[in-house]
Amino acid sequence: MTVQQISIFIENKTGRLAEVTRVLGNAGINIRALSLADTSDFGILRLIVDTPDRALEVLKADGFTVSKTEVIAVEVPDRPSGLNSILEKLDQAGINVEYMYAFVERSGENAIIIFRFDDIQRAIATLPEAGVTLVKSEKIFTA
Amino acid sequence: MIWNDEFETLPREAIESLQLKRLQQTVARVQATVPFYRDAFARAGVSADKIRSLDDLRRLPFTLKQDMRDNYPYGLFAVPLEQIVRIHASSGTTGKPTVVGYTRRDIDTWSELMARSFAAAGAGKGDVIHNAYGYGLFTGGLGAHYGAERIGASVIPMSGGNTKKQIMIMQDFGSTVLTCTPSYCLFLAEAAREEGLDIRDFKLRVGIHGAEPWSEAMREEIEEKLGIKAIDIYGLSEILGPGVGIECVEAQKGLHIWEDHFIPEIIDPESGEVLPPGEKGELVITTITKEGIPLIRYRTRDITRLIPEPCICGRTHMRLERMSGRSDDMLIIRGVNVFPSQIEAVLFNIEGVEPHYQLIVDREESLDTLEVQVEVNEQVFSDEIKELQGLSRRIQKDIKDLLGVTCKVRLVEPKTIARSEGKAVRVIDKRKG
């Protein structure tokens, strides 16, 4: 039930983000969602792409430090308090969020939130019981 | 294996009486033939006939690198140019290079000492020696080459650069011994890995590395990544070139300096006083057999100590501790002495951190700043900011604990720190100029 995420180490200097998107674009890889976490010196670019293994390969070949991380995609109602209802449930279940980012589907009433939890297995086990819908990676790319 | 059993295992008294005799001859010769020394001895109130014991050595004046520049190009030669068969020069980073000349006998001595060095490293007839030291004005390439031929090995005169070809030849020709700088050695291993090759699968079994200071941790890294024994060799063009001293493969602990040709002293670099045996300071070398350009008490700027205890290998020549830096590489940061090799050692002790680092020294409002740039590889990369910041803090804390200096750690992308094919540029000091 996990989704593969690509994380890239990026120095805080001009042109580095464009280099990542150029490499992915040339390889015909589509970016579905992204988030950038940054400090004053460096950032970590996290991507959900259609072909994560291929993305890993082309970015490595271009000299980037890249890793693959398992994250969970959760469907969230696209309306006020939609996200809050999910976070309340996580809180009750005692699951800690390392980071999260959202993207809105092109059609439909739901948004998709990407979560990285400290304990991913427990999250997979508890979330459906709490009535939270996990999204399979195939669905992210057909949505 | 010991190449020259007679000379390499001489009893101490025999070494010292040989040294005294050769020192007296050298001092008399330079006094007679080199105006620089004639004047320097006169100023110091000393002359050849006053050298009665090895202790009298300290009455002689030092020779500095600047003296070689001042006498550029041939001023310190002790023989007429027609007796010189080879000329080398050191890379002058500032101003003129320093020039050295060799007579036919000097070349012979150099070959002998490099042969001893190869044998001490465990190389011999039947070995294929892949010589990746630069050929040319730099003494590394030709110095190692002549020694390799002397021991009867098959030498491949690769010289530096052209890394892909180096790897191909190393693999196809079945090189068993690699001679190059330690930083280039790691560079080769990395380049091979990128080609999908593992040097550990090659026939290579010994590496002989020098021409820049390196740490014990870097040795472990080289031995692990290339699957070889990595041997430290010492030399400088002013004195001879490579082969002034080398570690023996038996102990890999300290470099035997060939005392029948050189007299080492350790001095306090500030006061110039000779330090008691075993204390750490600047290495000073007097050449006692060189004809072309004999040097009296040459200040090497290398920081080390003498190890007087006998070595398990049977050689009686004293050992120098692995060089811990150069007195002119020493950075003074907010009043604290810092050697790049100390920072290297800190980085090596952190799991996964690569030896690719650079130190940027600057001054902000009259306060020195030190930035340590470290490349982030897959082993240390985490997709969580807090983990990477934890790594930065760990490096910063370890440096502070060891050196007492607060630095800024900057994590950089792989391969952003310039890779050298010769000597690594570890320090950028923006305070100068």
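**A walk through the cores and domains of chain B**

Let's begin in the interior of this predicted model: its largest nonpolar core has 87 residues, and B:A123 and B:C185 make the most contacts inside it. Helix α5 of chain B, residues 104-120, gives this core its largest share, seven residues. Apart from this core lies another, of 54 residues, with A:F9, A:L127, B:V372 and B:I395 among them.

Now take a look at α5(B) itself. The helix has 17 residues and reaches 24 Å from its first C-alpha to its last, close to the 24 Å expected at 1.5 Å a residue. Its buried residues include B:D106, B:T109 and B:W110, and also B:L113, B:M114, B:R116 and B:F118. Among the elements of chain B that cover the buried residues of α5(B) are the helices α1 (5-8) and α6 (139-150), along with the strands β2 (99-103), β7 (229-236), β8 (241-247) and β9 (255-257).

Follow the chain just past the end of α5(B) and you meet B:G122, which takes a positive phi of about 95°. Then comes B:A123, which touches B:F118, B:I129, B:I151, B:A153, B:V177 and B:V206, leaving aside residues up to four places away in sequence.

Stepping back, the domain assignment divides chain B into domain 1 (1-328) and domain 2 (331-429). The C-alpha centres of these two domains of chain B lie 30 Å apart. Their contact takes 18 residues from domain 1 of chain B and 14 residues from domain 2 of chain B. On the domain 1 side, α8 (182-194) and α9 (216-226) of chain B each supply at least two residues, and the largest share, four residues, comes from α8(B). By character, this side of domain 1 divides into seven nonpolar, nine polar and two charged residues.

Definitions and conventions. Residues are numbered from 1 along each chain as its sequence is written. Chains are lettered from A and ligands numbered from 1 in the order in which they are written. This is a predicted model: local features need pLDDT of at least 70, side-chain atom pairs count only at pLDDT 80 or more; totals for chains, interfaces and linings use all residues. A nonpolar core is a set of buried Ala, Val, Leu, Ile, Met, Phe, Trp, Tyr and Cys residues joined through C-beta atoms within 7 Å. A residue is buried if 20 or more other C-beta atoms lie within 10 Å of its own, exposed if 12 or fewer, and partly exposed in between; C-beta atoms are placed from the backbone. Two residues are in contact if their C-beta atoms, placed from the backbone, lie within 7 Å. The expected span of a helix is 1.5 Å times one less than its number of residues. Domain bounds come from an automatic or database domain assignment. Ala, Val, Leu, Ile, Met, Phe, Trp, Tyr, Cys and Pro count as nonpolar, Asp, Glu, Lys and Arg as charged, and the others, Gly among them, as polar.
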